[in-house]
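Q: Can you walk me through this structure? I'd like short answers, please.

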Amino acid sequence: MISAHAGESLDRMFVHSLESSFSGPAGERAVVTRIDQACPAAGAQMAVLMIASHTFRLVMALHFPPEADTQRLLAAPGPADENAAPPSMRDHMSERGNMCCGMVNRELGRFFAHTGMSTPHIIDSRSAPFMAALPHEHVGHWRVEVDEQLQLQASLCLHTRAPMDFEWQAQELAEVTGELEFF
Amino acid sequence: MAQILVVDDSSTVRNEVGGFLQRNGLSVAYAVDGKDGLSKLGADPSVKLVVCDVNMPNMDGLTMAEKVRSELRNSAVNIVMLTTENAPAMKERGKAAGIKGWIVKPFNGPAVLATFKKLAGVA
């Protein structure tokens with residue numbers, strides 16, 4: 001129920017959002033490579049988010065090692081509140097996933113009405129194989145190399161309830177992020 | 001006593017935004033959701049600017065903005081949403097609640113610092 005170029009467009013959209021959302025503290029972009037299967041390490045967790053409309057449901061998962069050092073990834077040198085604990089990897093991955101899924105949601109919103117996005121949920125990566133058991137027409141997995149010490153994996157799973165056809169290129173990305181739109 | 005209240009359920013965002021503002025000389029308070037934000041704002045009338053996420057547990061940011069006007073009867077505080085959302089319907093709801101502006105994440109501190117200072121009554 002999804003056309004070939006819609007599938008390719010969705011993949012491009014997801015890869016672009018991963019590259020943007022996982023840029024390092026100095027602005028270096030993550031390297032994203034397609035892989036056959038997500039094989040998260042033992043003990044890994046995944047941040048799961050969904051985008052849904054009345055015609056489709058898209059599930060995204062980011063597999064990450066919970067013990068990784070988040071501070072290397074953060075632009076801020078430390079917690080703003082001296083009494084606060086540094087952000088956990090769970091919180092950090094939830095927010096990065098939120099930004100990644102948010103970009104895909106905004107771009108899909110150009111083609112499909114009434115899309116809605118979930119908040120992130122953290123679950124054990126042992127649940128990852130069950131994604132294949134979900135009804136789906138399009139699945140993909142990628143390796144995300146944030147830097148030499150941290151590699152993540154990402155999965156995307158689409159279920160359609162109506163024919164899906166659109167074409168998207170990264171060059172069409174018109175949005176400006178980070179700037180204040182005054183009302 | 002704070003000039004800016006940062007409301008976000010993510011500690012990553014609270015640290016990133018609040019840390020940047022503090023390093024640039026602004027005093028910052030924090031809240032973890034809309035309900036907490038409404039309570040903190042009610043308790044600290046010195047806050048001039050609220051930087052607020054939209055999707056949060058317990059109370060979302062747009063509901064918080066509406067309650068700031070209707071329940072706290074605070075029409076003076078400036079509210080800016082910082083969110084991954086960009087849907088026109090959400091922006092219209094924000095405008096109706098009297099919010100001042102909208103930023104799509106990720107946060108770009110240098111791009112908004114001068115404006116934030118003005119909205120916080122510093123510059």
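A: Here are some notes on chain A and how it meets chain B.

A: First, some ground rules. This is a predicted model, where local features need pLDDT of at least 70, side-chain atom pairs count only at pLDDT 80 or more, and totals for chains, interfaces and linings use all residues. Residues are numbered from 1 along each chain as its sequence is written, chains are lettered from A and ligands numbered from 1 in the order in which they are written, and side-chain values use heavy atoms, leaving out hydrogens and water.

Q: How many helices and strands are in chain A?

A: Chain A has two helices and eight strands. Both are DSSP runs, numbered from the N terminus: helices are H or I with at least four residues, strands are E with at least two. Along the sequence the pattern reads α-β-β-β-α-β-β-β-β-β.

Q: What share of chain A is buried?

A: Buried residues are 50% of its 183 residues. Buried means under 20% relative accessible area, with a 1.4 Å probe and protein chains only.

Q: Now the contact. How many residues does each chain give?

A: Chain A gives 26 residues and chain B gives 32 residues. Contact means heavy atoms within 4.5 Å.

Q: What area gets buried between them?

A: About 2,400 Å², and carbon and sulfur atoms give 60% of that. Buried area is the accessible area (1.4 Å probe) that two parts lose on being put together, summed over both.

Q: How many salt bridges cross the interface?

A: The rule finds two between chain A and chain B. It asks for a side-chain nitrogen of Lys or Arg within 4 Å of a carboxyl oxygen of Asp or Glu. One of them joins Lys105(B) to Glu95(A), at 3.1 Å from N to O.

Q: Which element of chain A gives the most to that side?

A: H2(A) does, with eight residues. Helix H2 covers 89-108 in chain A. Strand S8 (180-182) also supplies at least two residues.

Q: What does S8(A) pair with?

A: S8(A) is joined by three bridges to strand S5 of chain B, residues 101-104, and the two run antiparallel. Strands pair if DSSP finds at least two bridges between them. Glu181(A) sits opposite Trp102(B).

Q: Last one: is Ser10(B) buried or exposed, and why?

A: Ser10(B) counts as buried because its relative accessibility is 5%. Its place is the loop between strand S1 (4-7) and helix H1 (11-23) of chain B. Leaving out residues up to four places away in sequence, Ser10(B) touches Asp91(A) and Glu95(A).
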